[in-house]
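Visitor: I'd like a close look at one part of this model, with enough of the surroundings to keep my bearings. Please take me through it as you would at the bench.

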Amino acid sequence: MDIPQLLIKLLIALFCAALADVLIPRRVPGGITGLILIGLAGIWLGEWGFALLKREFGLSWAVLYWQVQGVLIVPAVIGCAIILYVVTAFMRWARYGS
C-alpha cells in the first residue's frame with residue numbers, strides 16, 4: 001500500500017465514521033483521531049462481515065458492492081456504526097458501572 005492509497009483509505013474511514021456518528025448520535029472519544037480509528041476498525045469489521053455473509057449465505061445485493069478505491073462503502077458504514085456503538089457503550093458502562 002502506497003501513500004496515496006493510505007490517505008484515501010483514511011479519508012474514507014473518516015467519512016464512514018462521521019456518517020456512523022450521524023446515524024448513532026453519541027459522543028466520540030478522541031475527536032478526529034477517534035473517528036479515524038473507529039473508521040479503520042469499522043472498515044475492517046464491515047468488509048470481514050460482508051465476506052462472511054457472502055460466503056455463508058450467498059448475499060449478493062448490488063448496493064453492497066459500491067466501492068471507492070477498493071473500500072466497500074455500505075459494509076464500512078455498518079461496521080463503523082457497530083464499532084461506535086460498542087465503544088461508546090463500553091465507555092458508558094465503565095464510567096457508570098462502578
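Guide: Helices (H or I, at least four residues) and strands (E, at least two) are DSSP runs, numbered from the N terminus. With that in hand, leucine 6 can be placed in helix α1. Residues are numbered from 1 along each chain as its sequence is written. This is a predicted model, in which local features need pLDDT of at least 70, side-chain atom pairs count only at pLDDT 80 or more, and totals for chains, interfaces and linings use all residues, while side-chain values use heavy atoms and leave out hydrogens and water.

Let's get our bearings before we zoom in. The protein has 3 helices and 2 strands, arranged along the sequence as α-α-β-β-α. Taken along the principal axes, its C-alpha atoms fill a box of roughly 45 × 35 × 20 Å. Of the 98 residues, 30% are buried; here buried means under 20% relative accessible area, exposed over 50%, and partly exposed in between (1.4 Å probe, protein chains only).

The part I'd pick for your close look is helix α2, which runs over residues 31–57 and packs with helix α3, residues 73–96. Their axes are 7 Å apart and meet at an angle of about 120 degrees. Axes are lines fitted to C-alpha atoms, for helices over the stretch in contact, and the angles run from 0 to 180 degrees between N-to-C directions. Angles under 35 degrees count as roughly parallel, over 145 as roughly antiparallel, 65 to 115 as roughly perpendicular and the rest as oblique. At that angle, α2 and α3 are therefore oblique to each other. Their crossing is right-handed; a crossing gets that name if the near helix is turned clockwise from the far one by less than a right angle, and is left-handed if the turn is anticlockwise.

Now rest your eye on two glycines in α2. Glycine 46 is part of this helix and counts as buried because its relative accessibility is 7%. The C-alpha atom of glycine 46 is 9.6 Å from that of alanine 81, which is 35 residues away along the chain. Glycine 49 also belongs to α2, and its relative accessible area of 19% is why it is buried. From glycine 49 to glycine 79, the C-alpha to C-alpha separation is 8.1 Å, across 30 residues of sequence.

Further along α2 you will find a charged pair. Side chains of opposite charge can pair when their charged atoms come close. Here arginine 55 and glutamate 56 join their side chains in a salt bridge, 3.6 Å from N to O; the term asks for a side-chain nitrogen of Lys or Arg within 4 Å of a carboxyl oxygen of Asp or Glu. Both arginine 55 and glutamate 56 are exposed, and the structure holds 1 salt bridge in total.

Past α2, the loop that leads to β1 holds valine 63, which is partly exposed because its relative accessible area is 34%. Valine 63 and glutamine 5 are 23 Å apart, C-alpha to C-alpha, with their positions 58 residues apart in sequence. Next, the loop between β1 (67–68) and β2 (71–72) contains glutamine 69. Glutamine 69 is not a glycine, yet it has a positive phi of about 55 degrees, and it counts as exposed because its relative accessibility is 56%.

To finish, look at how α1 meets α3. Their axes come within 8 Å and cross at roughly 60 degrees, so α1 and α3 are oblique to each other, in a right-handed crossing. Leucine 6, which we met in α1, is partly exposed because its relative accessible area is 37%; its C-alpha atom is 29 Å from that of phenylalanine 90, 84 residues away in sequence. Phenylalanine 15 lies in α1 too, within residues 3–23, and counts as partly exposed because its relative accessibility is 48%. Together, Phe15, Leu19, Val22 and Leu23 make a nonpolar surface patch of about 410 Å². Patches are made of residues with over 30% relative accessible area and no salt bridge, with like charges joined within 9 Å and nonpolar side chains (Val, Leu, Ile, Met, Phe, Trp, Tyr) within 5 Å. The areas come from the Shrake-Rupley method with a 1.4 Å probe, and for residues only the protein chains shown count as cover.
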